[in-house]
Each structure stands twice: as C-alpha cells, then as structure tokens.
Amino acid sequence: MGAREERLGANEALFREVNERVAEVADQFLAGETPATVNFSCECPDGACVEKIALTVDEYEAVRAKPTQFAVVPGHEVPDIERIVERHPNYLVIEKQDPDAEQVARETDPRT
C-alpha cells in the first residue's frame, strides 16, 4: 500500500471514529424523539476538512451498514479509490473500490 492510500485511509478512519461518538451521544440524548438531524463530520480523506453533514442517526446507521462506506460532502469524493453508491441532497455515500483503501476501511472499522 502506498503512503497516499495510508494517509487517506487514516484520515477517513479518524472522521469515522469521531462520527461514531457523535452517533452514540445523539442516540442517548434523542432516544424516542422525532428523528432530529445531527451534524456529522464529512468522512472524506482530507485531514483539513471541517465540513458538516446534517443526518439523522438512522441515516448515519444506513451509511455504516457496510464498513467500506462513508458519508461525504458532494465534491469530496476521490474517484480513483471510491465510487458513489448513493446521492442525497446534502451528502454522498461513497464506497471504497481500491483494494488497499477497502482493506484500510475494514481494518479501521470501530464496529468490528
């Protein structure tokens, strides 16, 4: 695996870990309420990205159904290592295509 793929994977893993904590806290505080949106971090590989994506916890859970999927702001996808699998008005769901990037996504999945 190249240094670029490692760096990109590490950045995405960091954002995903932050979002896991956001989802846990939101789930505790919003339990039983009408689905409210929560500001999740864009899970793109740009370590300097500070964009937020308004999602319900259920929407975030749908993205996380596969360890190789991430939620990103439109325009933050990296076509040479991932493909868009869903388009939503304020975010895209991308899935890793590159075998090295896919392996990093699986290895850094906090749910496994």
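Reader: What is the relative accessibility of Lys66?

Author: The model is predicted. Lys66 counts as partly exposed, a class that lies between under 20% and over 50% relative accessible area. The relative accessibility of Lys66 is 40%.

Reader: With which residue does Lys66 form a salt bridge?

Author: The closest N and O atoms of the pair are 3.6 Å apart. The pair links distant parts of the chain, 29 residues apart, with Lys66 in the loop between α2 and β3 and its partner in strand β5. The partner counts as buried because its relative accessibility is 9%. The residue is Glu95.

Reader: Which residue of β5 is the bridge partner of Ala71?

Author: Ala71 belongs to strand β3 (residues 69-72). β3 pairs with strand β5 (residues 92-96) in the antiparallel sense, over four bridges. In β5, the bridge partner of Ala71 is Val93.

Reader: Which residues of β3 point the other way from Gln69 and Ala71?

Author: In a regular strand, side chains alternate between the two faces of the sheet. In β3, Gln69 and Ala71 point one way, and the residues on both sides are buried. Those pointing the other way are Phe70 and Val72.

Reader: How many residues make up the hairpin connection between β4 and β5?

Author: Strand β4 (residues 82-87) and β5 run antiparallel and are joined by five bridges. One of the residues involved is Arg87, whose bridge partner in β5 is Leu92. The number of residues through which the hairpin joins β4 to β5 is four.

Reader: How far from Glu43 is the nearest side chain of opposite charge?

Author: Glu43 lies in the loop between β1 (38-41) and β2 (52-55). Glu43 is buried and has no salt bridge, a bridge requiring a side-chain nitrogen of Lys or Arg within 4 Å of a carboxyl oxygen. The nearest side chain of opposite charge is that of Arg64, at a distance of 5.6 Å.

Reader: With which side chain does that of Glu43 make a polar contact?

Author: Glu43 touches several residues beyond four places away in sequence, among them Phe15, Arg16, Tyr60 and Phe70. The distance of the polar contact is 3.0 Å. The partner is Asn19.

Reader: Which residues form salt bridges with Arg21?

Author: One partner of Arg21 lies four residues away in helix α1 (residues 3-30), about one turn of the helix, and the closest N and O atoms are 3.1 Å apart. The other is separated from Arg21 by about one helical turn, because the two are three residues apart in helix α1, and the N to O distance is 3.5 Å. Arg21 itself counts as partly exposed at 38% relative accessibility. The partners are Glu17 and Glu24.

Reader: How many disulfides does the structure hold?

Author: A disulfide requires two cysteine sulfur atoms within 2.5 Å. The nearest cysteine sulfur to that of Cys42 belongs to Cys44, 3.7 Å away, and Cys42 is therefore in no disulfide. Cys49 is likewise in none, with the sulfur of Cys44 nearest at 3.8 Å. The number of disulfides found in the whole structure is zero.

Reader: What distance separates the C-alpha atoms of Pro67 and Asn90?

Author: Pro67 is placed in the loop between α2 (57-63) and β3. The contacts of Pro67 include Ala105, Arg106 and Asp109. Asn90 is 23 residues from Pro67 along the chain, and their C-alpha atoms are separated by 21 Å.

How values were computed: Residues are numbered from 1 along each chain as its sequence is written. This is a predicted model: local features need pLDDT of at least 70, side-chain atom pairs count only at pLDDT 80 or more; totals for chains, interfaces and linings use all residues. Side-chain values use heavy atoms; hydrogens and water are left out. Buried means under 20% relative accessible area, exposed over 50%, partly exposed in between (1.4 Å probe, protein chains only). Two strands pair if DSSP finds at least two bridges between them. Lys and Arg count as positive and Asp and Glu as negative; His and the chain ends are not counted. A polar contact is a pair of N or O atoms within 3.5 Å; within protein, one must be able to donate a hydrogen and the other to accept it, and residues adjacent in sequence count only if both atoms are side-chain atoms. Contact means heavy atoms within 4.5 Å.
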